[in-house]
Amino acid sequence: MRKNKKKKMKYKISLLILAILIILVIILIGTKLFKKEDNAPVKVVDSIDNFGYTLDERDTKLMKDTYKELKDVLKSSNVDYEDYAKVLAKLFVIDLFTLDNKMNKYDVGSLEYVYPESLDNFKLNVEDTIYKLIENDSDGKRKQSLPIVKSIEVTDSKKDTFLLGKESKESYTISLEWKYEKDLGYDTHADVTLVALDNRLYVVSYNVGDANE
């Protein structure tokens, strides 16, 4: 009788261990299937040496044309930083608000233009606001209607200073207006402020403000 009880006990323990292992495997598979796709696979087709700017295969024609503008500005031996700021501000908006080519809410655009120390907060904020409702397109079957910036123009530019930490930096505030292929209620105007660090410009502020100001 004792031997039978021991066998039954061992059998129950074996079943319990097997059940735990199965649960762990299910959890592991589920985690892999539903984890954040922070780095959606994209093909880089061009880059600008010494500045770290890149162009992706998935980028729109407007993005590609504006990127070419940036390359032309940066080719000069004496870069005009106000022109540089205008083009970079346009690229920032185009990439940020063209959601149709993004894989999911974690595939945030324009990160390479943002001031490095603000990058994490910027990304989290975008994920929780502008990109919050983007459906996952990892299977390529998404039918969701998402914005595509079709045109953009600079309406004003100002040279000023911006307080970065405790240090005042020379800055450029670029006012922009843009249109979409389909109006889905996203921003259509903003002021983008950029500062120069080690000869490269970074976005430090995005302010919607009033289009009539």
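This report walks through the strands, the helix packing and the salt bridges of a predicted model.

**The four-stranded sheet**

Let's start with the sheet. Four strands line up as β3-β4-β5-β6 in an open sheet, and the pairing is antiparallel. At the edges sit β3 (149-164) and β6, each of which pairs on one side only. Ignoring direction, neighbouring strands here are turned by 25° against each other on average.

Going through the sheet pair by pair, β3 and β4 run antiparallel and are joined by 14 bridges. Valine 149 has tyrosine 180 of β4 as its bridge partner. Next along, β4 (residues 167-180) and β5 are tied together by 7 bridges, again antiparallel. Here leucine 176 finds its bridge partner in alanine 190 of β5. Then β5 (residues 189-197) pairs with β6 (residues 200-207) in the antiparallel sense, over 7 bridges. In that pair, leucine 194 is matched with valine 203 of β6. As general background, side chains in a regular strand alternate between the two faces of the sheet.

**A separate strand pair and the hairpins**

There is also a pairing between β1 (residues 44-48) and β2 (residues 53-56), which run antiparallel and share 4 bridges. Aspartate 46 has leucine 55 of β2 as its bridge partner.

If you like checking backbone torsions, the hairpins are a handy place to look. Each row below gives the strands, the residues between them and a residue with positive phi.

| Hairpin | Residues between strands | Residue with positive phi | Phi |
|---|---|---|---|
| β1 and β2 | 4 residues | asparagine 50 | about 75° |
| β3 and β4 | 2 residues | glycine 165 | near 70° |
| β5 and β6 | 2 residues | aspartate 198 | about 55° |

**Helices α2 and α3**

Now for the helices. Two packed helices are described by the angle between their axes and the distance between the axes. For α2 (residues 61-75) and α3 (residues 81-97), that angle is about 160° and the axes are 9 Å apart. An angle over 145° counts as roughly antiparallel, so α2 is roughly antiparallel to α3. The crossing of α2 past α3 is left-handed.

Who makes the contact? From α2 come Leu62, Met63, Thr66, Tyr67, Glu69, Leu70, Val73 and Leu74, while α3 brings Asp83, Tyr84, Val87, Leu88, Lys90, Leu91, Ile94 and Asp95. Sorted by type, the residues of this contact split into 11 nonpolar, 1 polar and 4 charged.

Helix α3 also ties this part of the model to the sheet: α3 lies across β3, β4, β5 and β6, and runs at about 50° to β4.

**Salt bridges**

Finally, the charges. Side chains of opposite charge can pair when their charged atoms come close. How many salt bridges does a search of the whole structure find? The count is 10. One salt bridge joins the side chains of aspartate 65 and lysine 61, with an N to O distance of 2.7 Å. Both residues belong to helix α2, and because aspartate 65 and lysine 61 are 4 residues apart there, about one helical turn separates them.

Notes: Residues are numbered from 1 along each chain as its sequence is written. This is a predicted model: local features need pLDDT of at least 70, side-chain atom pairs count only at pLDDT 80 or more; totals for chains, interfaces and linings use all residues. Side-chain values use heavy atoms; hydrogens and water are left out. Two strands pair if DSSP finds at least two bridges between them. Axes are lines fitted to C-alpha atoms, for helices over the stretch in contact, and angles run from 0 to 180 degrees between N-to-C directions. Angles under 35 degrees count as roughly parallel, over 145 as roughly antiparallel, 65 to 115 as roughly perpendicular and the rest as oblique. A crossing is left-handed if the near helix is turned anticlockwise from the far one by less than a right angle, and right-handed if clockwise. Contact means heavy atoms within 4.5 Å. Ala, Val, Leu, Ile, Met, Phe, Trp, Tyr, Cys and Pro count as nonpolar, Asp, Glu, Lys and Arg as charged, and the others, Gly among them, as polar. A salt bridge is a side-chain nitrogen of Lys or Arg within 4 Å of a carboxyl oxygen of Asp or Glu.
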